[in-house]
Amino acid sequence: MLNAYTVNTLRFNPELCNNCVMCTTVCPHAVFLRMNGAVRLEYPERCMECGACQVNCPTGAISVDSGVGCATAMMITALKGQKEVSCG
Amino acid sequence: MPSQTTDTPAPNIPTISAHITLANRWDHLKKRLGFGRNKSHIEPGLYAIGDPGPKSPVFASANYSLSFDALRSALKRVDGYILVLDTKGINVWCAAGKGTFGTDELVQRIEATSLADVVVHRKLIVPQLGAPGTAAHEVKKRSGFIVQYGPVRARDLPAYLKTGEATDEMRRVRFTLKDRLVLFPVEVIHMLIPTAVIALLFYLIGGLPAALGAAVAITLGAVLFPILFPWIPTANFSTKGFILGGLAAVPFIVIRFTGGTDTELWQRSIWGLTHLLLIPSITAFLALNFTGSTTFTSRSGVRKEIFTFFPVMAWMFGSGVVISIVMTIMRFIRV
């Protein structure tokens with residue numbers, strides 16, 4: 001495995017997009033771009049699965065299995081037998 | 001309660017200052033060092049800054065003092081209101097991830113403070129990093145207030161307020177050397193006691209070189225890795241940690257080979273092997289655990305790293321410890 005961070009759970013359905021561009025506003029890594037009057041999923045590999053785009057998409061065009069990208073939290077959660085990963 | 005509360009320009013709305021006092025700076029320093037992070041939360045509610053009127057902007061914030069102080073200090077020449085949400089003393093981004101900085105709390109706080117009676121407009125400037133917990137369209141539906149996402153960093157607010165728009169750069173999260181250096185003091189303080197305890201344990205199973213090796217591995221993984229990692233080759237945190245730990249193991253291996261001339265070559269070789277197993281595995285484990293402090297690692301990626309590299313780390317560490325114990329026992333019984 002050369003890079004664990006190239007694949008993630010972010011999915012974008014352009015047919016459902018109403019071009020409100022909220023995803024381009026809230027994404028902290030510029031994963032989405034406004035191009036020629038439409039939103040494009042341009043850099044999916046940059047996604048950190050924070051979920052901001054999905055939460056703020058009014059048409060359900062975006063889905064992502066959001067969560068905390070923290071090894072410590074994930075390992076502690078697994079050891080405790082919990083399901084919800086939280087960093088504090 | 002905020003330390004800068006003074007008079008009230010309107011009934012029940014305390015006024016806060018944009019000035020950061022020496023006491024505030026002392027509070028920031030303590031928090032940066034990891035002390036009192038769960039103390040001195042800002043009381044949730046509505047605050048006035050400057051001399052606001054019914055048309056003044058409203059900014060949302062968390063009730064973590066560093067978040068709140070970053071916001072108010074960025075509003076030095078602004079008349080407005082700050083709506084502090086109850087995020088249980090956690091910063092905006094982390095609280096948004098947990099949902100405490102989110103739609104429900106925002107709507108509830110708008111109602112609890114009667115914000116609609118304080119201002120005539122229906123706009124609320126929310127920090128962009130609050131977006132993972134805030135559904136702007138839901139807030140509008142439930143409260144009538146339109147969420148406008150401000151820039152990532154509070155210090156960009158004056159520029160944002162001039163144009164009403166954040167530039168692309170204002171919307172990007174970075175993780176610069178300065179950002180990483182801020183983590184340095186707290187990492188040092190958090191690792192002091194664990195390092196001493198682990199070094200002592202390693203002293204018992206492998207002598208002074210093992211204790212020093214453990215201390216170096218922990219220092220590298222927990223303290224220096226956060227600063228150095230962008231310059232270490234490979235994309236995964238675990239492999240970066242293996243590389244850093246592998247390099248650190250080299251001098252220990254050389255010392256084992258050249259220092260213990262009273263022991264057989266095979267014994268010196270095995271002691272050298274223990275360093276090669278232990279130091280990289282410890283450094284890699286700590287490097288993997290740094291993922292939670294970064295601003296860009298995804299859950300999918302971290303999960304992949306754990307499943308791929310954690311078994312390797314565990315195997316290397318376990319083998320190193322077992323071999324060290326066996327070698328120490330053999331030394332005592334003079335094999």
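**A quick tour of chains A and B**

B:Thr234 sits in the loop of chain B that links α8 (177-228) to α9 (237-259). That's one small stop in a predicted model, and there's plenty else to look at. Chain B and chain A share an interface that buries about 3200 Å² between them, and chain B also offers some paired strands and a couple of loop residues with positive phi, B:Lys88 and B:Thr234.

**Where the two chains meet**

- On the chain B side, 38 residues make contact, and they touch 39 residues of chain A.
- Of the roughly 3200 Å² buried between chain B and chain A, 58% is on carbon and sulfur atoms.
- The interface of chain B and chain A holds 1 salt bridge by the rule used. Its partners are the side chains of B:Arg299 and A:Asp65, at 2.7 Å from N to O.
- Polar contacts turn up too: 20 residue pairs across the interface, with both residues at pLDDT 80 or more.
- Which elements of chain B give two or more residues to the side that touches chain A? They are α3 (92-98), α6 (136-143), α10 (265-289) and α11 (299-332).
- The largest share of that side comes from α11(B), which gives 11 residues.
- Sorted by type, the residues of chain B's side split into 17 nonpolar, 14 polar and 7 charged.

**A tucked-away serine**

- B:Ser298 is found in the loop between α10 and α11 of chain B.
- Is B:Ser298 buried or exposed? Its relative accessible area is just 1%, so B:Ser298 counts as buried.
- Setting aside neighbours within four places in sequence, B:Ser298 has these contacts: A:Tyr5, A:Cys47, A:Met48, A:Glu49 and A:Gly69.

**Strands in chain B**

- Strand β3 (residues 58-61) of chain B is covered on both faces: B:Val58 and B:Ala60 are buried on one side, and B:Phe59 and B:Ser61 are buried on the other.
- β3(B) runs parallel to strand β4 (residues 80-84), and 4 bridges join the two. Across from B:Phe59, in β4(B), you'll find B:Ile82.
- Strand β6 (residues 146-149) of chain B alternates instead: B:Val147 and B:Tyr149 point to one face and are buried, while B:Ile146 and B:Gln148 point to the other and are not.
- β6(B) pairs in the parallel sense with strand β5 (residues 123-126) of chain B, over 4 bridges. One of the partners in β6(B) is B:Ile146, which is bridged to B:Lys123.

**Two loop residues with positive phi**

- Some background first: most residues other than glycine have a negative phi.
- B:Lys88 isn't a glycine, yet its phi is positive, at about 60°. Look for B:Lys88 in the loop between β4 and α3 of chain B.
- With 51% relative accessibility, B:Lys88 is over the 50% cut-off and so counts as exposed.
- B:Thr234, the residue we started with, also has a positive phi without being a glycine, near 80°.
- How accessible is B:Thr234, and what does that make it? Its relative accessible area is 39%, so B:Thr234 is partly exposed.

**Chain A in outline**

- Chain A has 3 helices and 4 strands, and along the sequence they follow the pattern β-α-β-β-α-β-α.
- Its C-alpha atoms fill a box of roughly 50 × 30 × 20 Å along the principal axes.
- Chain A has 88 residues, and 43% of them are buried.
- Among chain A's contacts with a separation of 6 or more, 40% are between residues 24 or more positions apart.

Note on methods: Residues are numbered from 1 along each chain as its sequence is written. Chains are lettered from A and ligands numbered from 1 in the order in which they are written. This is a predicted model: local features need pLDDT of at least 70, side-chain atom pairs count only at pLDDT 80 or more; totals for chains, interfaces and linings use all residues. Side-chain values use heavy atoms; hydrogens and water are left out. Contact means heavy atoms within 4.5 Å. Buried area is the accessible area (1.4 Å probe) that two parts lose on being put together, summed over both. A salt bridge is a side-chain nitrogen of Lys or Arg within 4 Å of a carboxyl oxygen of Asp or Glu. A polar contact is a pair of N or O atoms within 3.5 Å; within protein, one must be able to donate a hydrogen and the other to accept it, and residues adjacent in sequence count only if both atoms are side-chain atoms. Ala, Val, Leu, Ile, Met, Phe, Trp, Tyr, Cys and Pro count as nonpolar, Asp, Glu, Lys and Arg as charged, and the others, Gly among them, as polar. Buried means under 20% relative accessible area, exposed over 50%, partly exposed in between (1.4 Å probe, protein chains only). Two strands pair if DSSP finds at least two bridges between them.
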